[in-house]
Structures are given as structure tokens and as C-alpha cells.
Amino acid sequence: MSASVALGLVLALCCAVVALLGFLFKLRGAEGAPAVEWRHPVRSTVALFANRWWTLGIVVATTSWFFHVAALALAPISLVQATIAGGLVLLTPMADRLFGVGVTRRDWIGVAITAVGLALLAVTLGQSADSAHDDFAPGTLALYVGVLTVVALACCGIASRVRDGSGPVLALAAGLLWGGSDVTIKAATPTLVDHGLLVLLTPYALVILALSLVGLVVSARSLQLGPAVAVIAITSAAANVVTIAAGSLVFSEPLPDGGGALALRLLAFAAVIAGSTVTRAPEPEPEPTAA
């Protein structure tokens with residue numbers, strides 16, 4: 001492993017810890033803010049930022065974003081995301097010990113299975129730690145990010161039509177939108193390294209901004225609907241899975257050698273999906289009893 005890749009992975013680990021902390025701050029803020037209204041996104045966003053916990057969460061999340069961009073500039077996207085995914089195991093203890101969020105045994109099992117699946121993805125990444133692997137075909141990038149966006153918007157449409165379980169569906173949508181943003185950030189890092197802030201004048205910046213802002217509103221609504229641990233875990237897992245997959249599909253990172261390694265990678269994806277399923281779904285509030 002080269003020194004630059006190793007530094008990138010250290011920055012990715014810092015990103016994981018800071019991002020989870022920001023997520024939990026945003027959770028507290030979203031719970032105390034008015035319900036997000038899809039027909040009034042600007043008003044809903046202003047109402048969110050009126051809550052100090054939400055604003056603090058955004059500041060902390062922005063710090064993690066800088067760590068993330070630096071990590072993507074130095075290391076392959078699959079290794080960066082696998083390292084960040086490892087931070088998912090910190091979610092449940094942080095939510096329980098630091099924020100007093102109710103955590104059940106089922107939450108612990110679901111997050112653990114998801115973390116194991118993401119760890120298996122890291123094991124099967126192959127010999128890809130020699131460089132940043134930032135070469136890509138623009139058409140492939142556009143197709144990949146476009147599909148993620150369409151699926152995310154479809155999830156938002158489904159969530160608007162169902163009563164129970166819409167929180168995890170919106171969490172999936174937010175993860176896909178942020179995953180598309182992360183893939184686009186990776187594509188923009190060579191321009192950032194070579195031309196600095198001129199990257200803001202490229203189409204990449206517009207795509208990153210749009211996906212990030214829409215994902216922010218969708219994520220806020222998913223946090224309001226809950227359950228908290230399930231929503232955060234699903235959002236993180238979805239974003240990590242699609243960005244890890246982009247390593248091979250978009251940036252031509254080498255696939256694992258042999259059928260056994262490929263089978264292990266499929267098992268890893270199955271574990272991620274199973275972990276998200278095991279984590280609690282929203283439970284209806286009990287009806288008040290007559291006096």
C-alpha cells in the first residue's frame with residue numbers, strides 16, 4: 001500500500017467518526033423541527049436550520065465532508081467507503097451512550113450484520129491499494145449516477161403513498177442520492193487537485209450540490225419518521241454499497257480473482273441487505289384507552 005493511499009484511509013476513518021456524530025446531532029434537530037413538507041422544501045429547510053441541533057449537525061457533517069473529499073483524492077473509492085463503512089459499528093453505541101436513543105437487541109443485531117457485510121466487501125476488494133484509481137468514462141459515470149437518482153426519486157414516490165415504513169424507504173433514497181454525490185466527488189477530484197476552486201465551474205459541482213441538497217431534505221424527513229437507528233444505518237449502508245460498487249463499475253478498480261472471492265462479495269451484499277431488514281421497522285403508536 002502506498003503512503004498516499006494509507007493517508008487517505010486514515011482520513012476516511014476520521015470522516016466516519018465525525019459523520020456519525022453529525023448524523024446524531026441532525027437526528028436530535030430533526031425530531032425537534034416541524035415536519036418536512038415536500039411542497040414547501042425551502043420553508044422546510046429554513047425551519048430545520050432554525051433548530052440549533054440541526055445546524056450544529058450540518059456544521060459537523062461539513063467537517064466530515066472535507067475529510068471525505070481529501071480521502072477520495074488520495075485513495076480508491078472502494079477502499080475509502082469500506083473504511084467509512086467500518087465506522088457503522090460505532091453507530092449503535094454512540095446513539096445509546098451519548099444521545100440516549102432507545103436501542104434494542106434487534107438494533108444491535110441488524111447493525112452488526114450490516115457491518116459484517118461491509119467488512120466482507122472490504123476483504124474482497126483485491127489489489128487496488130496502489131493508487132487513487134480515478135480514471136473513468138464520462139458516459140459510464142452519467143449512467144451510474146443517473147440510475148441512482150431515478151431509483152432514489154422512485155423511493156420518495158413510494159414513501160409518499162405508504163403510511164407505515166416510509167422512514168426506512170426515505171433513508172434508502174437519501175443514501176442513494178448521497179452515494180451518487182460521492183461518486184461524482186470522486187470523479188471531480190482530479191480537477192480539484194489540478195485546478196483547485198475552478199472545479200466549482202464544472203458540471204460536477206452542480207450535480208454534487210443538487211444531489212446533496214435533495215438528499216439532505218429527504219434524510220431530514222426520514223429522521224423525523226424514524227426509527228432512528230434503522231434510518232441512520234440504512235442511509236449509511238445504501239451510500240456505502242453503491243459507492244463501493246462504483247469502484248469496479250465506474251473507476252475500473254480490479255475485481256477479486258477467482259470464483260470464491262466473487263461469491264464472497266455476493267455474500268457480503270446479501271449480509272448488508274439482511275442487516276437493514278433485521279433493523280427495526282416503525283411501530284405504530286398504541287391507541288389511547290378510554291378512561
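**Exercise 1. Aspartate 182**

Which residues does aspartate 182 touch, once those up to four places away in sequence are not counted, and is aspartate 182 buried or exposed?

*Solution.* The contacts of aspartate 182 in this predicted model are His68, Leu72, Ile77, Gln81 and Thr243. To place the residue itself, one turns to helix α8, which runs over residues 166–195 and contains aspartate 182. The relative accessible area of aspartate 182 is 11%, and since buried means under 20%, the residue is classed as buried. Two of the contacts, His68 and Leu72, can then be followed into another helix, because both appear among the buried residues of α3.

**Exercise 2. Helix α3 and serine 64**

Determine how the end-to-end reach of helix α3 relates to the expected value, what caps its N-terminal end, and which residues serine 64 contacts.

*Solution.* Begin with the length: α3 covers residues 52–74, which is 23 residues, and reaches 34 Å from its first C-alpha to its last, close to the 33 Å expected at 1.5 Å a residue. At the N-terminal end, the cap is provided by asparagine 51, which has a side-chain oxygen 2.9 Å from the backbone nitrogen of tryptophan 53.

Next, consider the buried residues of the helix, which include Trp54, Gly57, Ile58, Val60 and Ser64. For serine 64 the relative accessibility is 6%, so this residue counts as buried. Leaving aside neighbours within four places in sequence, serine 64 is in contact with Cys15, Val18 and Ala19. The pairing with cysteine 15 spans 49 residues along the chain, yet the two C-alpha atoms are separated by 4.6 Å.

**Exercise 3. Two residues of helices α4 and α10**

Threonine 83 lies in helix α4 and threonine 235 in helix α10; work out how accessible each is and what each one touches.

*Solution.* Take threonine 83 first, in the helix of residues 77–86. A relative accessible area of 21% makes threonine 83 partly exposed, since the limit for a buried residue is under 20%. Not counting residues up to four places away in sequence, threonine 83 touches Leu9, Ala12 and Leu13. With leucine 9, the C-alpha to C-alpha distance is 6.6 Å, although the two residues are 74 apart in sequence.

Turn now to threonine 235, in the helix of residues 228–249. Here the relative accessibility is 1%, and the residue therefore counts as buried. The side chain of threonine 235 also reaches the backbone oxygen of valine 231, at 2.9 Å. Beyond the neighbours within four places in sequence, the contacts of threonine 235 are Phe23, Ala171, Ala174, Gly175 and Trp178.

**Exercise 4. Helix α9 and the residue after it**

What span should helix α9 have at 1.5 Å a residue, and what is the sign of phi at glycine 226?

*Solution.* The helix comprises residues 203–225, and its 23 residues should span 33 Å; the end C-alpha atoms are 33 Å apart, so the two values agree. The residue that follows α9 is glycine 226, where phi is positive, near 65 degrees.

**Exercise 5. Accessible positions on the helices**

Classify leucine 143, glycine 32 and leucine 267 by their accessibility, and state which residues make a nonpolar surface patch with leucine 143.

*Solution.* Leucine 143 belongs to helix α7, residues 138–159, and is exposed at a relative accessible area of 58%. Together with Val147 and Val151, Leu143 makes a nonpolar surface patch of about 260 Å².

Glycine 32 is in helix α1, residues 3–32, and is likewise exposed, with a relative accessible area of 55%. From glycine 32 to arginine 52 the C-alpha distance is 9.7 Å, across 20 residues in sequence.

Leucine 267, in helix α11 of residues 259–278, counts as partly exposed at 48%. The C-alpha atoms of leucine 267 and leucine 120 are separated by 8.1 Å, with these positions 147 residues apart along the chain.

**Exercise 6. The protein as a whole**

How many helices and strands does the protein have, and what percentage of the 291 residues is buried?

*Solution.* The count is 11 helices and 0 strands. Buried residues make up 48% of the 291 residues. Of the contacts between residues at least 6 apart in sequence, 84% join residues at least 24 apart. Finally, the exposed area is about 13800 Å², of which carbon and sulfur atoms supply 69%.

Notes. Residues numbered from 1 in each chain as written. Predicted model: local features only at pLDDT ≥ 70, side-chain atom pairs only at ≥ 80, totals over all residues. Heavy atoms only, no water. Patch = residues over 30% accessible without salt bridge, like charges linked within 9 Å, V, L, I, M, F, W, Y side chains within 5 Å. Areas by Shrake-Rupley, 256 points an atom, 1.4 Å probe, with all protein chains shown as cover. Salt bridge = Lys/Arg side-chain N within 4 Å of Asp/Glu carboxyl O. Helix = DSSP H or I, 4+ residues; strand = E, 2+ residues; numbered from the N terminus. Buried < 20%, exposed > 50% of the residue type's maximum accessible area, 1.4 Å probe, protein only. Polar contact = N/O pair within 3.5 Å; in protein donor to acceptor, adjacent residues only side chain to side chain. Contact = heavy atoms within 4.5 Å. Expected span 1.5 Å × (residues − 1).
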